[in-house]
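Please find below a note on the model under review. The sequence and coordinates are shown first, and the comments come after them.

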Amino acid sequence: IQKVSEQLQEQRRNLPIAKGADALIREIKSNDTLVLLGETGSGKTTQVPQYILESGVLGSGMIAVTQPRRVAATSLAARVAAEQGCSVGDRVGYAVRFQEAYGPETKIKFLTDGMLARELLADPLLSKYSVIILDEAHERTLNTDLLMASLKGIQEARKGNTKVPHSGKGKERADNSSCGALKVIIMSATLDAEKFSRFFGNAKIIYVKGRQHPVKIYHTVTGQNDFVDAALRTFFQIHVDQPPGDVLIFLPGQEDIESLEKSISSYASQLPLGKSRVVVCPFYASMPQDKQNKVFSPTTNGQRKCILSTNIAETSITIPGVRYVIDTGVHKEKRHLAGVSGSGFNTLLVCAISKSSAMQRAGRAGREGPGFCYRLYPESAFRDLPDTSEPEIMRCSLASATLRLKCLQRDFFDLELLDKPDGSAINAGMKTLWMLGALDTEGNLTPTGRAMSLFPVEPQQSRALLESRIHGCTREVLAIVAIQSASSKVFYDPGSGSAADSNEPGSRDIERRDQAQAARAKFIHISGDHMTLLNVFRAYEDLLKSSGGDSKSAKAERRDWCNRHFLHERALTEALDIQTQLRRICDTMRGREASFGLSDPNIELDWRSSVAEGPGSTVEAEKVLKCLMTGLVQHGALRSAERGYCPIMDKSKTIKIHPSSTLAGKKFDAIMYDELLFTNSGSTYARCVSAIPTSIISDLSAYRPRST
Ligand code: ADP
Ligand code: MG
């Protein structure tokens with residue numbers, strides 16, 4: 001252990017940022033706000049919090065370091081804990097949605113920007129923290145942008161210059177100065193420093209010089225239709241022809257990663273002996289911790305590591321040993337549905353990256369020596385890329401963020417932001433909340449809205465949860481929301497990774513897909529995907545009852561059961577955990593309905609309430625779907641014989657049921673769905689779909705918001 005930590009300390013000392021550590025601390029001491037800019041891999045994220053900790057600037061407070069992605073927050077915490085020689089959860093911890101590891105000792109806390117935004121609701125001055133680092137600010141996520149807007153006011157309030165910017169209704173006004181001044185550091189990998197600096201009243205900008213070696217960039221002559229296939233061929237060209245060095249391939253999402261992993265592994269096994277062995281390491285947001293470690297562990301002689309990664313390895317995480325980068329030129333982007341206007345929700349789309357992303361990706365090859373980057377697109381295509389991606393706040397549903405702002409007695413109209421979304425987008429978010437009953441016609445928060453904000457899930461889901469207490473099916477709705485909130489999907493779909501267009505239903509491995517569908521047939525509920533998820537969840541709970549425990553054989557039995565049914569066990573165990581956490585929130589509301597202004601003294605919000613008629617009854621499905629529909633009121637579609645399904649919010653469109661749905665190809669009068677997927681070929685698919693029971697179809701078109 002001693003030797004390992006010596007090695008780590010040596011690595012720390014050799015990082016480009018180490019030379020400037022003392023100067024940096026001086027600047028932090030003398031400035032309230034700093035913008036810190038530096039080459040990816042120079043040591044900003046892992047080192048700056050430790051320098052601050054060691055310098056004594058902190059006093060009794062903590063450092064928060066935000067990350068746009070949960071996998072970055074957890075793995076950076078692991079790395080920094082190792083460098084500090086402690087376990088995760090001691091001096092160094094993390095908090096991501098539904099999962100946290102920190103305690104009274106924790107001084108450095110890595111957390112997603114979404115988690116810090118939620119902490120604001122309970123603690124509007126963020127009084128636990130002395131220093132807040134907003135990392136990866138160049139990504140311009142909605143939450144980071146909103147945090148920037150809030151932090152300005154908090155800094156003023158904590159200096160005692162202004163009143164608390166926004167404390168919850170009925171709360172005591174906190175003593176502004178009791179928690180001391182707040183230092184804010186904005187960290188970014190690219191050159192938008194001036195904009196951040198201006199926003200914070202011309203805050204000082206500090207540059208960290210990185211160590212960057214030349215990277216030779218190759219483009220393809222023509223565009224590639226199938227980037228997974230192109231990446232496969234390029235990888236083997238490198239592997240066969242080029243000297244040692246690990247390969248990093250950027251792909252849009254988990255499906256493409258899994259599909260390429262399979263092809264590389266199967267071709268690599270056919271290589272002649274004597275060639276170095278290929279070690280394939282997938283790396284994406286919902287990956288289990290133990291698999292992540294493999295990404296960072298060095299290969300032995302005669303091995304070549306091939307890392308298949310989403311955007312995560314672009315700037316958040318630096319993987320040592322990489323000499324070759326293959327850039328597919330695409331990533332997944334959260335987008336608010338244009339076209340189906342006012343429907344108020346996000347979808348993930350495979351889109352072209354920006355020039356700045358392409359440059360970051362290439363840069364990953366030159367960390368330790370000269371490197372090579374193979375772009376799977378022509379040079380002309382590179383020139384046509386936008387300089388930077390559009391900030392998330394300009395292209396996402398604002399409903400969830402509006403609800404949080406309303407709880408702090410703010411809204412998008414009065415907020416000073418780096419970039420302000422236009423009025424129609426702000427109004428669409430408000431309209432969604434109004435339709436959910438979270439805002440009244442004047443745009444004021446209702447008791448329902450305040451209660452919804454307590455749940456760290458989408459407004460559509462918290463609305464359904466609240467409704468469930470009226471119908472006595474909280475347990476069922478909770479299970480469905482939990483399974484939907486897990487970070488990976490529960491159904492393992494062989495052949496879902498289609499290369500040319502990841503949203504297009506795949507044609508690969510159709511046989512295996514049929515096999516998976518047959519194995520899961522017994523879970524299928526005639527009403528569709530939501531009740532089917534509930535059936536899967538229950539079956540897993542039953543399995544735990546019959547073969548619970550942590551014995552090797554019990555675990556093996558569960559693993560085997562999941563494999564046989566093509567289910568991701570991790571999603572199920574995560575869902576159980578999420579269920580427990582959501583249940584705790586329900587329990588804290590029990591008996592306190594009055595304090596939320598929720599009338600109905602006769603109805604308890606009791607997670608234990610489940611449908612009296614029992615599982616499988618038609619009453620059960622009807623009750624559960626009725627609750628879900630209060631959340632999905634904007635996500636309904638009616639079918640006409642001539643046109644097929646038309647979304648109720650935009651009847652000029654038609655949509656199809658996605659082939660992954662248990663209802664694919666079936667005809668109902670009305671359906672509701674969790675999300676719509678757009679394919680690049682112009683079709684729109686509804687995913688996670690249920691038929692709306694005939695008895696409640698009229699509720700859908702005649703929907704009027706009401707408080708519970
Ligand atoms: P920056 O934030 O400036 O991009 P980081 O502080 O994230 O840089 O990383 C600094 C260096 O620490 C990286 O170049 C990498 O070599 C090393 N590093 C970070 N995390 C890990 C890890 N989990 N395992 C091994 N090395 C790591
Ligand atoms: Mg970083």
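The points below move from the overall fold to individual salt bridges.

1. Status of the model. The structure is a predicted model. The comments that follow should be read with that origin in mind.

2. Secondary structure and burial. The protein contains 23 helices and 21 strands. It comprises 708 residues, of which 57% count as buried.

3. Contacts across the sequence. Among contacts between residues at least 6 apart in sequence, 72% join residues that are at least 24 apart.

4. Surface. The exposed area of the protein is about 29,500 Å². Carbon and sulfur atoms account for 50% of that area.

5. Salt bridges in total. The structure holds 32 salt bridges. Points 6 to 9 take up particular cases.

6. The pair K159 and D32. These two residues form a salt bridge in which the closest N and O atoms are 3.5 Å apart. Because K159 belongs to helix α6 (residues 142-159) while D32 sits in the loop between α2 (21-30) and β1 (33-38), the pair ties together parts that are 127 residues apart in sequence. As to solvent exposure, K159 has a relative accessible area of 41% and is therefore partly exposed. D32 is likewise assigned to the partly exposed class, at 29% relative accessibility.

7. The pair K159 and E156. K159 also forms a salt bridge with E156, and here the closest N and O atoms are 3.5 Å apart. Both residues lie in helix α6, three residues apart, which corresponds to about one turn of the helix. E156 is partly exposed, its relative accessible area being 30%. K159 thus has two salt-bridge partners to inspect: D32, in the loop between α2 and β1, and E156, within helix α6.

8. The pair K653 and D650. Is each of these side chains buried, or partly exposed? K653 is partly exposed, with a relative accessible area of 30%. D650, by contrast, is buried, at a relative accessible area of 12%, a value under the 20% limit that defines burial. The two side chains meet in a salt bridge with an N to O distance of 3.4 Å.

9. A network of charged residues. Beyond isolated pairs, salt bridges that share partners join R12, E54, R79 and E83 into one network. A colleague examining side-chain charges in the model may wish to view these four residues together.

Notes: Residues numbered from 1 in each chain as written. Chains lettered and ligands numbered in written order. Predicted model: local features only at pLDDT ≥ 70, side-chain atom pairs only at ≥ 80, totals over all residues. Heavy atoms only, no water. Helix = DSSP H or I, 4+ residues; strand = E, 2+ residues; numbered from the N terminus. Buried < 20%, exposed > 50% of the residue type's maximum accessible area, 1.4 Å probe, protein only. Contact = heavy atoms within 4.5 Å. Areas by Shrake-Rupley, 256 points an atom, 1.4 Å probe, with all protein chains shown as cover.
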